[in-house]
Amino acid sequence: MAIRKSNKLPQHAVLKQILKRCSSLGKKNGYDDDGHPVDVPKGHFAVYVGENRTRYIVPISFLAHPQFQSLLRQAEEEFGYDHEMGLTIPCDEDVFRSLTSSLR
């Protein structure tokens, strides 16, 4: 019985290919080779806020603020961690803009 060498890719390579094909990742969809959005600067992340799910780019430093952490807890309670559209904050856009302007 001969041992055959497998032509299979490593699991992490296969997962990366699947993500690029099956999700919104890939250069043509506004993401770089590592899966990061090209319009989000380093040290920032995107959130979706309000009824219309308006997209905002916020600095990572906001994660340290208790007020922003409260918004994250509300998001966890309402949406959990399994939803399709990224990090969604369940509050009015005016409230979000007011809060984030005071954090800067």
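The exchange below asks how several labels are justified in this predicted model.

Me: Why is H65 called partly exposed?
Reply: H65, which is found in the loop between strand 2 and helix 2, has a relative accessible area of 25%, and because partly exposed covers what lies between the limits of 20% and 50%, the label applies to H65.

Me: What makes Y56 and F96 an aromatic pair, and why is the pair called tilted?
Reply: Their rings lie 5.2 Å centre to centre, which is within the 6.5 Å required for a pair, and the 50° between the planes is neither under 30 degrees nor over 60, so the pair counts as tilted. The pair links distant parts of the chain, with Y56 in strand 2 and F96 in helix 3, 40 residues apart.

Me: How do you know that Y56 and F96 are buried or exposed?
Reply: Y56 has a relative accessible area of 17% and F96 has 1%; because buried means under 20%, Y56 is buried, and F96 counts as buried too.

Me: Why is the pair of F68 and F96 called tilted?
Reply: The ring centres are 6.4 Å apart, within the 6.5 Å limit, and the planes stand at 55°, between 30 and 60 degrees, so this pair is tilted. F68 lies in helix 2 and F96 in helix 3, so the pair ties together parts that are 28 residues apart in sequence.

Me: Which residues form the aromatic cluster?
Reply: F45, Y56, F62, F68 and F96 form one cluster, and F68 and F96 are also among the residues with the most contacts inside the largest nonpolar core, which has 13 residues.

Conventions
Residues are numbered from 1 along each chain as its sequence is written. This is a predicted model: local features need pLDDT of at least 70, side-chain atom pairs count only at pLDDT 80 or more; totals for chains, interfaces and linings use all residues. Side-chain values use heavy atoms; hydrogens and water are left out. A nonpolar core is a set of buried Ala, Val, Leu, Ile, Met, Phe, Trp, Tyr and Cys residues joined through side-chain atoms within 4.5 Å. Buried means under 20% relative accessible area, exposed over 50%, partly exposed in between (1.4 Å probe, protein chains only). Helices (H or I, at least four residues) and strands (E, at least two) are DSSP runs, numbered from the N terminus. Rings of Phe, Tyr and Trp (its six-membered ring) pair if their centres lie within 6.5 Å; planes under 30 degrees apart count as stacked, over 60 as edge-to-face and the rest as tilted.
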